[in-house]
Amino acid sequence: MNELTANSHQPAAKKYSFPKEEHLCRKKLIEELFGRGSSFGLYPLRLVWLPATASTTAPPQVLVSVSKRSFKRAVDRNYLKRLLREAYRLNKYRLLEADGGHPVDRLAIIYTGKEKKPFALVEKKLISGLERFLSDARPTAAPVG
């Protein structure tokens, strides 16, 4: 049976993970992202990104944030951050499996809405943001300086 499964030509399974190495945590890198990065909004999200020097297939480092001003209760902020991480985790393959790689080195996903939105809407907006990286950002993937 092993020979049969080893020789079958089924597509490789997608790796739906978001390991600690992909989390953006270093203060210096975060300051550089917000200082030199570009951004666009897709309500209720704002995506800030720093282009890579060349197209890459390595996953970008990602920061997820929800405003304390909009959501006073930590329970609500944590729920929304969990929602954003899950939406990214399930759809990051769109970046990683793009032909010729992707132009993103670091990415911040910021929830700017004033009320909680359903997962389906957040995921839809995140998908359109990731696709926008692949369509709009590819020609301008030159180093920022």
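In this predicted model, the buried residues of helix α3 pack against β2, β3, α4, β4 and α5. Those buried residues are Asp 76, Arg 77, Leu 80, Leu 83, Leu 84, Ala 87, Tyr 88 and Asn 91, and because they fall within an arc of 125° when seen down the axis of α3, they line one face of the helix. The face turned away from this buried side carries the exposed residues Val 75 and Arg 82. As for its length, the 18 residues of α3 should span 26 Å at 1.5 Å a residue, and the end C-alpha atoms are indeed 26 Å apart.

The sheet comes next. Its 4 strands form an open sheet in the order β1-β2-β4-β3, with mixed pairing. Since β1 (38–42) and β3 (61–66) stand at the edges and each has a single partner strand, one side of each is left without a neighbour in the sheet. Neighbouring strands are turned by 25° against each other on average, direction ignored. Between β1 and β2 (residues 45–56) the pairing is antiparallel and runs over 5 bridges, and Ser 38 stands opposite Trp 49 in β2. Helix α3 (residues 74–91) packs on this sheet, where it touches β2, β3 and β4 (102–111), and its direction makes about 150° with that of β3.

Helix α5 (residues 119–136) also has 18 residues, and it reaches 25 Å from its first C-alpha to its last, close to the 26 Å expected at 1.5 Å a residue. Its buried residues are Val 122, Glu 123, Leu 126, Ile 127, Gly 129, Leu 130, Phe 133 and Leu 134, which cover an arc of only 160° around the axis and therefore lie on the same side of α5. What covers them includes β1, β2, α3, α4 (93–96) and β4, whereas the face turned away from the buried side carries the exposed residues Ala 120 and Lys 124.

In soluble globular proteins, nonpolar side chains tend to be buried together. Here the largest nonpolar core has 26 residues, of which Leu 84, Leu 107, Ile 109, Tyr 111, Leu 126 and Phe 133 touch the most other members; β1, β2, β3, α3, β4 and α5 each supply at least two residues of this core. Leaving aside neighbours within four places in sequence, Leu 84 is in contact with Leu 45, Val 64, Ser 65, Val 66, Ile 109, Tyr 111, Val 122 and Leu 126. A second, separate core of 8 residues includes Leu 50, Leu 63, Ala 108 and Ile 110.

Definitions and conventions
Residues numbered from 1 in each chain as written. Predicted model: local features only at pLDDT ≥ 70, side-chain atom pairs only at ≥ 80, totals over all residues. Heavy atoms only, no water. Pairing = 2+ DSSP bridges. Axes fitted to C-alpha atoms, helices over the stretch in contact; angles between N-to-C directions. Contact = heavy atoms within 4.5 Å. Expected span 1.5 Å × (residues − 1). Buried < 20%, exposed > 50% of the residue type's maximum accessible area, 1.4 Å probe, protein only. Arc of directions from axis to C-beta. Core = buried A, V, L, I, M, F, W, Y, C linked by side-chain atoms within 4.5 Å.
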